[in-house]
Amino acid sequence: MPSILTLDGAPAELDVTARRPLLTLQVDGQAYTVEELPADEDGARTLLINGVPYTVWRTREGDRVHVKLDDAYYSVGYQEAVVAAAQGGNAGNEIRADMPGMVVEVMASLEAEVNAGDALLVIESMKMQITIAAPRAGVVESLHVERNGSFQKGALLLSLRALAE
Amino acid sequence: MLKNVLIANRGEIACRIIRTLRRLGIQSTAVYHFADRGAPHVAAADYAVELTAEVPTAAYLDVAQLLAAARSAGADAIHPGYGFLAENAGFAAAVEDAGLVFIGPQPEVIRLMGDKIISREFAVAQGVPVAPSCKQEGSLEDFVAGATAIGFPLLIKAAAGGGGKGMSIVRSADELPARAATASSEALRYFADGRVYAERYVERPRHIEVQVFGDGQGHVVHLFERECSVQRRFQKIIEESPAPNLPAALRDRICTAAVQLAAAANYRNAGTVEFILAPDGAFYFLEMNTRLQVEHPVTECVTGLDLVELQLRLAGGEPFSLAQSDITQTGHAFECRLCAEQPEHDFRPATGRVMRLREPAGEGLRFDGGLREGLAITAAFDSMLAKLIAHGGDRQESAARMRDALQELVLLGVDHNADYLGRIFAHRAFLAGQLHTGFVVEHAAALAAPTLDPTQRAAVLIAAVLGTDEFQRLAYDCPEPHASIGHWRN
């Protein structure tokens with residue numbers, strides 16, 4: 001059963017297709033050979049993927065793996081296959097708070113049609129004002145905050161539903 | 001000489017001040033909120049006093065508790081760092097009234113420079129150039145009429161504030177009334193003072209500031225300029241000294257104006273005079289920051305002076321004998337502000353935990369941080385994590401050292417801007433010193449994270465998946481029959 005990973009919001013399927021002579025992983029249908037050299041005392045390790053070396057630092061925290069690959073950083077979501085299958089296709093409909101904050105302005109209104117990129121809310125967290133834009137086109141189904149209200153990390157701020165066909 | 005200094009701050013600046021205190025043999029007292037109990041500045045200090053408050057930031061703003069902490073630890077002076085109470089005249093006065101030394105300027109000078117309107121009038125009176133401006137004296141309607149008369153584009157900001165709060169650029173008369181109303185309400189919310197003011201907005205301006213130091217009796221010197229034009233959301237992310245492509249004669253005029261202003265105020269201790277430099281060489285006074293700046297290390301690198309040491313010696317009663325001719329500028333230094341944020345999402349602040357940290361080290365490098373592995377990065381405080389400073393013989397060498405240092409840095413567990421800073425240091429316009437405060441907006445496309453090709457993307461995913469125990473088991477510990485099946489399938 002493949003593992004589901006998410007990078008930059010896009011899911012990918014990874015599975016083991018061979019262990020000998022080299023570990024071979026299939027990523028979105030494409031096969032890659034993988035050789036992992038032991039980590040040095042600093043924690044850096046070299047990964048040979050199709051024979052090409054990459055310097056990797058990584059650490060796991062719950063359902064995320066933080067990676068530094070050569071000079072760039074990535075945060076990869078990881079779900080075991082079973083968990084991934086249990087969750088439906090509701091991604092992108094719910095807008096949740098990444099961190100606690102307060103609502104500066106509410107531009108969205110209930111049942112309004114929005115296009116992807118339309119500004120929905122302006123919130124303030126860590127002294128910064130942030131405009132929350134619609135991740136996709138839809139209809140504002142519910143609105144859980146009001147102007148000057150505060151919210152906690154993870155709170156549902158607003159939800160969208162798909163436009164009627 | 002001072003015996004024990006309480007640092008009314010936290011994070012990297014508290015750690016940095018403690019380093020100099022230790023070197024000078026002065027005891028240090030840290031203060032902390034419960035949320036910071038495991039923070040490095042608490043461990044680094046000789047004494048630490050817990051402050052209580054429901055909201056963590058409120059602890060560091062509680063004057064009565066800070067004074068009580070100073071008394072209980074036996075401190076004879078308070079260093080405010082930057083932010084929090086550093087530019088609060090009431091705090092400086094309360095410290096002095098309590099019989100302690102405030103390591104900073106006189107309270108009345110903090111008050112003078114803390115008000116944008118009054119400080120500009122003071123600058124005008126000293127012959128220091130300011131941009132054409134208009135201040136709100138009566139109604140918002142009168143203000144709009146006056147601002148329109150200056151002409152567009154205009155910069156509108158809170159009269160009482162700083163740090164980019166309530167600041168906006170208005171390009172035409174029809175958008176002015178609404179924007180002025182918004183700025184006023186933001187000013188009221190942030191600074192409890194709804195007055196706003198507008199000034200001529202200089203296109204492609206550079207932010208040049210001058211480090212000054214005074215003895216409080218009229219003797220003021222400058223420690224040269226810093227260029228702080230690379231900003232996002234009106235906040236600096238890269239600073240350097242000297243400013244690139246700045247003719248010596250113009251540099252001297254700017255530094256002289258800064259000294260003139262500070263001397264007229266009988267300025268005491270370290271301060272910074274900020275200017276906007278127009279492409280035609282005109283420069284205008286912006287504001288004076290009456291404290292140590294975040295970016296002071298670049299000045300320390302090129303002058304070889306420890307600004308905190310100068311602050312402590314003066315506060316301890318030693319005469320300030322440094323003459324202007326004693327101060328020289330050697331080589332070139334850059335500072336990067338490492339922030340917990342997502343540059344690809346409009347620099348939205350990020351939270352997390354420092355899971356892995358490798359601090360860069362080497363010739364000409366300095367890492368001013370208050371980080372350790374396991375430290376939680378929360379929304380309770382500012383998003384700046386640490387500062388990376390590189391000094392080299394010239395701008396090119398300094399930039400190369402910074403690039404190497406950014407690559408050597410490893411910081412996992414919270415999103416941050418190290419990649420982004422690395423891309424700026426590889427950008428042609430940046431390396432050519434073609435800077436202005438809109439730099440990151442102008443070059444947004446070139447500075448965006450490169451799109452991964454399928455092979456790179458697969459490499460990231462493989463590197464990540466092998467970091468999970470579950471997949472490691474699947475990949476290496478599988479019983480032989482299954483492994484063989486895998487092999488045949490191939």
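**Exercise 1.** In this predicted model, determine how many bridges join strand 10 of chain B to strand 11 of chain B, and what lies between the two strands.

*Solution.* Begin with the pairing itself: strand 11 covers residues 220-232 of chain B, and six bridges join it to strand 10 of chain B, the two running antiparallel. One residue pair can then be located within this pairing, since Ile208(B) has Glu227(B) in strand 11 of chain B as its bridge partner. Next, follow the chain from one strand to the other, where strand 10 of chain B and strand 11 of chain B turn out to form a hairpin with four residues between them. In that turn, Gly216(B) has a positive phi of about 85 degrees.

**Exercise 2.** Find which other strand of chain B pairs with strand 10 of chain B, and decide whether strand 10 is mostly covered or mostly open.

*Solution.* The other pairing is with strand 13 of chain B, residues 268-277, which meets strand 10 of chain B in the antiparallel sense over ten bridges. Within this pairing, Gln211(B) has Thr272(B) in strand 13 of chain B as its bridge partner. As for burial, strand 10 of chain B spans residues 206-215, and nine of its ten residues are buried, so that the strand is described as mostly covered.

**Exercise 3.** Work out the strand order of the open four-stranded sheet in chain B, and place helix 9 of chain B against its strands.

*Solution.* The order of the four strands is 6-9-7-8, with antiparallel pairing. Strand 6 (133-135) and strand 8 (168-170) of chain B are the edge strands, each of them pairing on one side only. From one strand to the next, the twist averages 25 degrees. Inside the sheet, strand 7 (residues 154-158) and strand 9 (residues 196-200) of chain B are joined in the antiparallel sense over five bridges, and Leu154(B) has Arg200(B) in strand 9 of chain B as its bridge partner. Finally, helix 9 of chain B, residues 176-191, lies across strand 7, strand 8 and strand 9 of chain B, and runs at about 25 degrees to strand 7.

**Exercise 4.** Explain why chain A is described as more spread out than a compact globule.

*Solution.* Take the make-up of the chain as a starting point: chain A has one helix and 16 strands. Its radius of gyration is 20 Å, well over the 15 Å that the globule rule gives for 165 residues, and therefore chain A is more spread out than a compact globule. Its C-alpha trace spans about 60 × 40 × 25 Å along the principal axes, and 28% of the 165 residues count as buried. The chain is divided into domain 1 (3-80) and domain 2 (92-161), whose centres, taken over C-alpha atoms, are separated by 34 Å.

**Exercise 5.** Identify the strands of chain A that pair with strand 16 of chain A.

*Solution.* Strand 9 of chain A, residues 94-96, pairs with strand 16 (residues 156-161) in the antiparallel sense over three bridges, and here Arg96(A) stands opposite Leu156(A). Strand 14 of chain A, residues 138-143, also runs antiparallel to strand 16 of chain A and is joined to it by four bridges, with Val140(A) and Leu160(A) as bridge partners.

**Exercise 6.** Describe what each chain brings to the contact between chain A and chain B.

*Solution.* Chain A contributes 49 residues and chain B contributes 43 residues. On the side of chain A, the largest share, seven residues, comes from strand 6 (residues 52-61). Sorted by class, that side has 29 nonpolar, nine polar and eleven charged residues.

Conventions
Residues numbered from 1 in each chain as written. Chains lettered and ligands numbered in written order. Predicted model: local features only at pLDDT ≥ 70, side-chain atom pairs only at ≥ 80, totals over all residues. Domains from an automatic or database assignment. Pairing = 2+ DSSP bridges. Axes fitted to C-alpha atoms, helices over the stretch in contact; angles between N-to-C directions. Contact = placed C-beta atoms within 7 Å. Nonpolar A, V, L, I, M, F, W, Y, C, P; charged D, E, K, R; others polar. Buried ≥ 20, exposed ≤ 12 C-beta atoms within 10 Å, placed from the backbone. Rg over C-alpha atoms; globule rule 2.2 N^0.38 Å.
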